[in-house]
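Reader: I am new to reading protein structures. Could we go through this one together, step by step?

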Amino acid sequence: GGLFLPEEAQEAQRPYIGTVLETGAEVKDVNRSDRVFFSKFAGLEIELDKVSHLILEDTDILGLFVNE
């Protein structure tokens, strides 16, 4: 048994990876310059100096990217 998912559904489920530029004082598990996984629909996108940034809650982060 198993599930067949169309490619569009699979694309929507893939997490995105981003680099943390800054954290709030109350955030303990994520540090500046960490690479994190988050979902496509997480956070609030803003533009500063013509560069897009995403503001996430710590609960939006699915995990840390570890490159060993």
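Reader: Which residues form the largest nonpolar core?
Author: This is a predicted model, so the answer describes a prediction. Residues in such a core must be buried, which means under 20% relative accessible area. The largest nonpolar core has five residues. They are Val 20, Val 30, Val 36, Phe 38 and Ala 42.

Reader: What does Val 36 touch, leaving out residues up to four places away in sequence?
Author: Two partners, Val 20 and Val 30, belong with Val 36 to the largest nonpolar core. Val 36 also touches Tyr 16, Ile 17 and Gly 18. The rest of its list is Ile 61, Gly 63, Leu 64 and Phe 65.

Reader: How much of the protein is buried?
Author: The protein has 68 residues. Buried residues make up a share of 10%.

Reader: What is the order of the elements from the N terminus on?
Author: The protein has one helix and five strands. The helix comes before the strands in the run. The order is α-β-β-β-β-β.

Reader: Where is Asp 34, and which side chain of opposite charge is nearest to it?
Author: Asp 34 lies in the loop between β1 (16-19) and β2 (35-38). Asp 34 is buried, yet has no salt bridge. A salt bridge needs the charged atoms within 4 Å. The nearest side chain of opposite charge is 9.5 Å away, and it is Arg 35.

Reader: Which residues is Asp 34 in contact with, leaving aside neighbours within four places in sequence?
Author: Asp 34 is in contact with Gly 18, Thr 19 and Val 20. Of these, Val 20 is also in the largest nonpolar core. The other contacts of Asp 34 are Asp 29 and Leu 64.

Reader: What is the phi of Ser 33?
Author: Most residues other than glycine have a negative phi. Ser 33 is not a glycine, yet its phi is positive. Ser 33 sits in the loop between β1 and β2 and is exposed, with a relative accessible area of 53%. Its phi is about 75°.

Reader: Which residue in the loop between β3 (44-48) and β4 (51-55) has a positive phi?
Author: The residue is other than glycine, and its phi is near 65°. It is exposed, with a relative accessible area of 79%. The residue is Lys 50.

Reader: What part of the accessible surface belongs to carbon and sulfur atoms?
Author: The accessible surface of the protein comes to about 6,000 Å². The part that belongs to carbon and sulfur atoms is 52%.

Methods:
Residues are numbered from 1 along each chain as its sequence is written. This is a predicted model: local features need pLDDT of at least 70, side-chain atom pairs count only at pLDDT 80 or more; totals for chains, interfaces and linings use all residues. Side-chain values use heavy atoms; hydrogens and water are left out. Helices (H or I, at least four residues) and strands (E, at least two) are DSSP runs, numbered from the N terminus. Buried means under 20% relative accessible area, exposed over 50%, partly exposed in between (1.4 Å probe, protein chains only). Lys and Arg count as positive and Asp and Glu as negative; His and the chain ends are not counted. Contact means heavy atoms within 4.5 Å. Accessible areas come from the Shrake-Rupley method with a 1.4 Å probe; for residues, only the protein chains shown count as cover. A nonpolar core is a set of buried Ala, Val, Leu, Ile, Met, Phe, Trp, Tyr and Cys residues joined through side-chain atoms within 4.5 Å.
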